[in-house]
Amino acid sequence: MERLAYDIVIVGGGAAGLRAAIAAAETSRSLRIAIVSKVYPMRSHTVSAEGGTAAVLRDYDSFDGHGFDTVKGSDFLADQDAVEFFVRRAPPEVIQMEHWGCPWSRDPDGRIAVRAFGGMTVKRTVFAADKVGFHMLHTLFQTSLKYENIERLDEWFVTQILAEGGKAVGVAALELRSGTLHAIAAKAVVIATGGAGRVYEFTTNGAIKTGDGMALALRAAAPLKDMEFLQFHPTCLPGTGILITEAARGEGGYLINNKGERFLKKYVPEKMELGPRDILSRSILQEIREGRGFQGPYGQYVGLDLRHLGEDVINKKLPMVRELAEEYAGVDPVHEPIPVRPGQHYIMGGVHTDVRGSTGVPGLFAAGEAACVSINGANRLGSNSLSECLVFGGEAGRSAAAYAISQPAVGSNPISGLVKAEEARIFDGLLKREGGENLAEVRSDMQHTMEENVGIYRNGDSLEKALAHVRELRRRYERVGVRDKDPFFNTELTTTLELDFMLDLAEAIANAALLRRESRGAHSRTDYPKRDDANFLHHSMAFRTATGLRFDKLPVKITKWQPAARVY
Ligand SMILES: Cc1cc2nc3c(=O)[nH]c(=O)nc-3n(C[C@H](O)[C@H](O)[C@H](O)COP(=O)(O)OP(=O)(O)OC[C@H]3O[C@@H](n4cnc5c(N)ncnc54)[C@H](O)[C@@H]3O)c2cc1C
């Protein structure tokens, strides 16, 4: 085991991690910063974002407008001080990206173009065609290369946050190429590991989105916040779960049932296709349940109709939508509606932080989808997430830098001892385990249970069932054997470690959902169909204890927008 030492270790090379690294490097050129990522940074899930990133850039818009839309979208569970902080800092971040070379799409007069997005009352979503994530990630990645004090450990898999005396002091990470475990000492650790969509069966999320950082932080004594709130995106391709961006509706696309009707007029008459994601997903499910869906090889779906936009608009503004529909659904949207159904897309919950990215555990910070600040509350508005990665990634980077500067130099070797137990757990425990259980079976069992029982609609019975089943799967997991003993790029070993993380998260999600006996935003309980501000206008906080999860409440911060009925 080799020991490495940095001032700051950032776990994750997506938008949040790269933005944090740049902010830390700018704070002081003498800080040594490492970005540790289980995949090459350009392969992070951020790359697949399509639609855009929200910021107030136009005269007709206002911070209060963006703030209120976000708070209403969140079903009043977002912390309003965090939202106010966020909307003010998003525009300079978008302009900074422009200066770093991000090729934003333009209006004919040369200004950065904006498009409509669900739940936003005016056009404020900035885009680069429908390949926004690719361009943003590329811009951040190339900018990070300018800083000599940023080093990268690509294809290193973090298995543990090392803590001493209640402080984070580094991480343990597997170098995938050699299969060796390293102790990486750091004065500050930033978790920027993204979402956890793979806990579900049908998801838009890449295979690497297994929520590692949330589970790592939970094990390092940081609480998880609002884990019951999962976003289901209304328009995913049946079979693969590939996302058809909301920009398709932002540019004017319609949702139709098997009678050719724009059925949303019954559910969100004013906003129609630009209603928020939680309500649209439920509306689609309702249409399907009432027999007005289309039947396909992967079950029922509705149609996303872009034909009236014409070939030119589709090619210019939605080229990737056309490509994805043709390649993965065999449908050319210029001539036919695209088959779509809702699928898991985003997790509003995550590692609890304040607006500076602090988790409460000294030396441990978090940002991006892995974190919960919270600006998204019970339902995120599309295009707020990429802006969140920029704003709070930057904050976490600066906070980690300030903290690292205030700490004494990393000592000679307190952490090698800490990593010994981790080495034993992985190499003597997991890798030697012969066990009778099959990794893929336990994982698909978990995904199926979450999909069936903790999906768009849930109730007390389904949640109890899911919780009991996930706990049983945890017992089965202890008997999952790793058949591949080879040290080099052992993907069976890393997939087994990822399942371990996901089982922790599945339990936290199902348990938090069971405790929230109301319906709010994306959490829709058929046995408690109403929002209940008297009893549940609070965040849920999950802590890990020796005997299991313990749940607590945290008040929601309300500054200027009193909770009101959420109608669109
Ligand atoms: C298909 C799709 C389209 C989207 N479109 C939009 C959009 O248009 N607008 C918008 O605002 N949002 C969109 N989102 C959401 C948004 O893209 C994500 O929330 C955001 O990109 C997350 O960025 P991140 O930096 O937090 O994490 P990610 O980009 O997911 O990066 C996570 C990083 O953590 C690393 N990592 C994870 N675990 C470990 C480990 N154990 N060890 C080492 N490294 C690890 C990974 O290697 C990776 O580098 C979309 C999401 C999807 C799935």
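This report walks through a helix pair, a tucked-away glycine and some salt bridges in a predicted model.

**Two helices side by side**

Let's start with helix α12, residues 439-453, and helix α14, residues 491-515. They pack at an angle of about 25°, and their axes are 11 Å apart. Angles under 35 degrees count as roughly parallel, so α12 is roughly parallel to α14. The crossing of the two helices is left-handed.

Who touches whom here? On the α12 side, the residues are L439, V442, R443, M446 and M450. On the α14 side, they meet E492, T495, T496, L499, M502, L503, A506 and I509. Sort the residues of this contact by character and you get nine nonpolar, two polar and two charged.

**A glycine in a loop**

Now look at G253, which sits in the loop between α6 (247-250) and β14 (254-256). Is G253 buried or exposed? Its relative accessible area is 1%, and anything under 20% counts as buried, so G253 is buried. Setting aside neighbours within four places in sequence, G253 is in contact with A248, E273, D305, L306, H308 and L309. You can also find P337, which is 84 residues away from G253 along the chain, with 9.6 Å between the two C-alpha atoms.

**Salt bridges**

How many salt bridges does a search of the whole structure find? The count is 59. Here are three of them, with the distance between the closest N and O atoms.

| Salt bridge | N to O distance |
|---|---|
| K317 and E251 | 3.7 Å |
| K266 and E287 | 2.8 Å |
| R292 and E287 | 2.8 Å |

Take K317 and E251, which form a salt bridge. K317 is in helix α8 (residues 310-317) and E251 is in the loop between α6 and β14, so this pair ties together parts that are 66 residues apart in sequence. K317 is partly exposed at 29% relative accessible area, while E251, at 17%, counts as buried.

Next comes E287, which forms salt bridges with K266 and with R292. E287 is buried, with a relative accessible area of 0%. R292 counts as buried too, at 15%, but K266 is partly exposed at 47%. The K266 and E287 bridge links distant parts of the chain: K266 is in the loop between β14 and α7 (277-289), E287 is in helix α7, and they are 21 residues apart.

Finally, there is a network of salt bridges that links D75, E228, D278, R282, R516, E518, R520, R531, D533 and R566.

Technical notes: Residues numbered from 1 in each chain as written. Predicted model: local features only at pLDDT ≥ 70, side-chain atom pairs only at ≥ 80, totals over all residues. Heavy atoms only, no water. Axes fitted to C-alpha atoms, helices over the stretch in contact; angles between N-to-C directions. Helix = DSSP H or I, 4+ residues; strand = E, 2+ residues; numbered from the N terminus. Parallel < 35°, antiparallel > 145°, perpendicular 65-115°, else oblique. Left-handed = near helix turned anticlockwise from the far one by under 90°. Contact = heavy atoms within 4.5 Å. Nonpolar A, V, L, I, M, F, W, Y, C, P; charged D, E, K, R; others polar. Buried < 20%, exposed > 50% of the residue type's maximum accessible area, 1.4 Å probe, protein only. Salt bridge = Lys/Arg side-chain N within 4 Å of Asp/Glu carboxyl O.
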